[in-house]
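Visitor: Please pick one part of this model and take me through it closely. Start with the whole, so that I can find my way.

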Amino acid sequence: MIRKKFFPPDDLTDDNQEHQRIRNEAMGQIEYVEAEPELSYKEVRQAFERTHLKKAPGHDELTGKVCLTMFYVRPDNMQILFNKCIQLGYFPKIWKVAKMV
């Protein structure tokens, strides 16, 4: 479910002229670099365990406690999610926005 929301399939038929221009321009600028190594289970676990559980949630409304619980329930999915973010070089913008309280 999370994967489908944050990583929808890339449908070229949905591109308008501006999207096609950007896609064509970007394809000419691709620099191939060695892939980053995948995050291990231990690295992902350590990152989740460093989460501040009492901090207010961000715009995604997920508290540190909810995130840690998601990891404990499905660590494999969380590891896949973060490795896919690194592989694609994309992290959802909502994860980067702080909510001022």
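Guide: What follows begins with the whole chain and then goes to one loop, with a few other places for context.

This is a predicted model, so local features need pLDDT of at least 70 and side-chain atom pairs count only at pLDDT 80 or more, while totals for chains, interfaces and linings use all residues. Residues are numbered from 1 along each chain as its sequence is written, and side-chain values use heavy atoms, with hydrogens and water left out.

Start with the folding pattern. The protein has five helices and zero strands. Here helices (H or I, at least four residues) and strands (E, at least two) are DSSP runs, numbered from the N terminus. Along the sequence, the order reads α-α-α-α-α. The radius of gyration is 17 Å, well over the 13 Å that the globule rule gives for 101 residues, so the protein is more spread out than a compact globule. That radius is taken over C-alpha atoms, and the rule is 2.2 Å times the number of residues to the power 0.38. Along the principal axes, the C-alpha atoms fill a box of roughly 45 × 35 × 25 Å.

Next, cover and contacts. Buried residues make up 15% of the 101 residues. Buried means under 20% relative accessible area, exposed over 50%, and partly exposed in between (1.4 Å probe, protein chains only). A contact means heavy atoms within 4.5 Å. Take the contacts between residues at least 6 apart in sequence: 61% of them join residues at least 24 apart.

Now the close look: the loop between helix H3 (41-49) and helix H4 (64-73), where Asp60 sits. At 26% relative accessibility, Asp60 is partly exposed. What does the side chain of Asp60 reach? It reaches the backbone nitrogen of Leu62, at 3.0 Å. This is a polar contact: a pair of N or O atoms within 3.5 Å, where, within protein, one must be able to donate a hydrogen and the other to accept it, and residues adjacent in sequence count only if both atoms are side-chain atoms. Beyond four places in sequence, Asp60 is in contact with Ile94 and Trp95. Ile80 is 20 residues from Asp60 in sequence, and their C-alpha atoms are 19 Å apart.

Glu61 also lies in the loop between H3 and H4. Its phi is positive, about 65 degrees, although Glu61 is not a glycine. Most residues other than glycine have a negative phi.

Follow Trp95 onward. Trp95 also touches Leu81, as do Ile2 and Phe7, leaving aside neighbours within four places of Leu81. Leu81 belongs to helix H5 (residues 75-88). Is Leu81 buried or exposed? It is buried, with a relative accessible area of 8%. Phe91 is 10 residues along the chain from Leu81, with 9.9 Å between the C-alpha atoms.

For context, turn to another loop. Asp15 lies between helix H1 (2-6) and helix H2 (17-27). Asp15 is buried, at 15% relative accessible area. Its side chain makes a polar contact of 2.8 Å with that of Arg23. Not counting residues up to four places away, Asp15 touches Gln20 and Arg23. Leu12 is in the loop between H1 and H2 too. Leu12 counts as exposed, at 55% relative accessibility. Lys42 is 30 residues from Leu12 along the chain, and 37 Å separates their C-alpha atoms.

To recap the main loop: Asp60 is partly exposed, its side chain reaches the backbone nitrogen of Leu62, and Glu61 has a positive phi.
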